[in-house]
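Biologist: Could you give me a close look at one part of this model, the surroundings of the ligands? I'd love to hear how that part fits into the rest.

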Amino acid sequence: MPVVICVGGQWGDEGKGKIVDLLAEAADMVVRSQGGNNAGHTVVTGGREFRFNLIPAGILHPTTSCVIGNGVVLDPRGLLEELEGLEAAGADLANLVISERAHMIMPYHPVLDRLEEEARGDDRLGTTYRGVGPAYSDKVRRIGFRVGDLTKPRFLEKKLAFVLPLKNAVLDRLYGAPPFTVEAILAEYTGYAARLARYIRDPFPLVQGALARGERIVLEGAQGTMLDLDLGTYPYVTSSYPSAGGALAGAGIGPRHVTRTLGVIKAYTTRVGYGPFPTELAGAAADHLRETGREYGTTTGRPRRVGWFDAAVARYGVQVNGVDAIALTKLDVLDDLDPLPVCVGYRSKGVGHAHPMANISHLKHCEPVYEALPGWRTPIAGVRRYEELPAAARGYIERLEELVGAPVTHVSVGPDREQTIVRGKAL
Ligand code: GDP
Ligand code: IMO
Ligand code: MG
């Protein structure tokens, strides 16, 4: 490896969890570097399904260290539930480390997230209501609480005495919502401190030691490039940096160490929440993709919006992240569809565009330009060798490679760890 960035190339839910779990088998460490429990990553192995919101998908491999990095916003309550669920399922959590520098989602963050969404009315973003946006806003405002604060109750109390009146004023005066008290938050969070203490440390020596020894590290992406605060369809984005640059900042690793950036890209497109989506489908084709691909949110259960593959979006993802190789997922979901339209660019106000425009109004109203590729009309879930794929499936992959500008090294043909075709040199 040694450092592989695994980044979502679309609007999230590309199958990053599955691919990270696969790479984790040969990795010494997996670092989740940004986002919060807005993420939902699924791993299927041995007939069992595991869902992760905050814990790195590498945790299923007992010898892999798993780090929740400094760029994450962590809801301690959600994390404890996740830990308990994994313990009950027999997972070994001894190798989990939570960065002291990661910020925490405080009890008022999800409340403010929901109130702000409701206040936006028709312009709402469709957030996961996990409080991720408000927590990152407070981090930037320098009134955030870090995981390390849990071990300093007096500091926590002093800081709450300053921050809580700011929050309560907004809750009360803007929304008429009930206030929070310092005592209740202190009691709740010191309770979490006791239960999480054994995982909380500064992962700096651990990560730097691994780098110095040339060990293999996977950076687990969350969300996707089009949800990136800077590079995505702002304001219909998340509040963090899911792109490759964000992955490095959130893990405390410099670019010199990166040996490969793997873009995880779905063979069609989905999006949860609102915002422009040029290749979005409605009607029978949409229902078919949604049902066949089981496109319902891992975190919220919401039906995902679905559409044809958008090569302009994927190419943009490849370029802004510096993607070297692609893991193409959910190809099996396209088994019964023929032809398969692929968007190669857009037309907006009579002008052609090869990548998603920054102006989201233009992106919302643009006309996708399609190229129709032949379908294969054969089940491919059981295929394990690239040469055994139907010619039309290989044709689809190879045309996508040309359009997107990077080679497909992994083809996923089902949710299970085993249902993966590794092509060429493995990572
Ligand atoms: P993530 O957020 O990028 O980790 O993706 P999610 O786990 O939210 O969503 C991907 C969904 O597709 C999960 O239910 C996976 O089990 C499933 N999945 C992953 N790869 C494949 C695949 O190749 N084929 C099919 N049919 N399902 C897949
Ligand atoms: P994974 O890691 C898909 C979307 C939300 C909403 C927008 C803002 O599973 O790919 P937020 O709660 O982050 O403020 O919501 O971002 N969103 C995701 N969509 N997959 C995710 O994560 C997402 N995380 C956030 O649906 O549109
Ligand atoms: Mg997901």
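Modeller: Happy to! A polar contact is a pair of N or O atoms within 3.5 Å; within protein, one must be able to donate a hydrogen and the other to accept it, and residues adjacent in sequence count only if both atoms are side-chain atoms. Numbering runs from 1 along each chain as its sequence is written, with chains lettered from A and ligands numbered from 1 in the order written. The model is predicted, so local features need pLDDT of at least 70, side-chain atom pairs count only at pLDDT 80 or more, and totals for chains, interfaces and linings use all residues, while side-chain values use heavy atoms, leaving out hydrogens and water.

Let's begin with ligand 2. There are 20 residues around this ligand, and those that come nearest are Asp13, Lys16, His41, Thr128 and Thr238 (a residue counts if one of its heavy atoms lies within 4 Å). Thr128 reaches ligand 2 with its side chain, placing a polar atom 2.6 Å from an oxygen atom of the ligand. Arg302 also uses its side chain: an N or O atom there is 3.0 Å from an oxygen atom of ligand 2. Gly126 takes part through its backbone, with an N or O atom 3.5 Å from a ligand 2 oxygen.

Now to ligand 1, which has 19 residues around it; Lys16, Gly40, Thr42, Asp332 and Ser412 come nearest. The side chain of Thr42 has an N or O atom 2.6 Å from an oxygen atom of ligand 1. Asp332 faces a nitrogen atom of ligand 1 instead, at 2.8 Å from an N or O atom in the Asp332 side chain. Asp13 comes up again here, since a polar atom of its side chain lies 3.0 Å from an oxygen atom of ligand 1. You may also have spotted that Lys16 is listed among the nearest residues for ligand 1 and for ligand 2.

Asp13 deserves another look. Its side chain meets that of Arg304 in a salt bridge of 3.0 Å, N to O (a side-chain nitrogen of Lys or Arg within 4 Å of a carboxyl oxygen of Asp or Glu). Asp13 sits in the loop between β1 (3-8) and α1 (16-24), and Arg304 in the loop between α9 (284-292) and β13 (305-307), so the pair ties together parts that are 291 residues apart in sequence. These elements are DSSP runs numbered from the N terminus, helices being H or I of at least four residues and strands E of at least two. In that loop between α9 and β13 you will also find Arg294, a residue other than glycine with a positive phi, near 45 degrees. The structure holds 26 salt bridges.

How does this fit into the rest? The chain is divided into domain 1 (3-93 + 202-422) and domain 2 (103-199), with bounds from an automatic or database domain assignment. Their C-alpha centres lie 29 Å apart. Across the boundary, 29 residues of domain 1 are in contact with 23 residues of domain 2, contact meaning heavy atoms within 4.5 Å. Between the two domains there are 3 salt bridges, and Glu84 and Arg195 meet in a salt bridge of 2.4 Å, N to O. The domains also share 10 residue pairs in polar contact, both residues at pLDDT 80 or more. On the side of domain 1 that touches domain 2, β6 (73-74) and α2 (76-88) are the elements giving two or more residues. The largest share there, 7 residues, comes from α2.

Two backbone details round off the tour. A cis peptide bond joins Tyr234 and Pro235, with omega about 5 degrees, and Pro235 lies in the loop between β10 (217-220) and α8 (244-251). The bond from Asp338 to Pro339 is also cis, with omega near 0 degrees; Pro339 is placed in the loop between β15 (325-329) and β16 (340-348).
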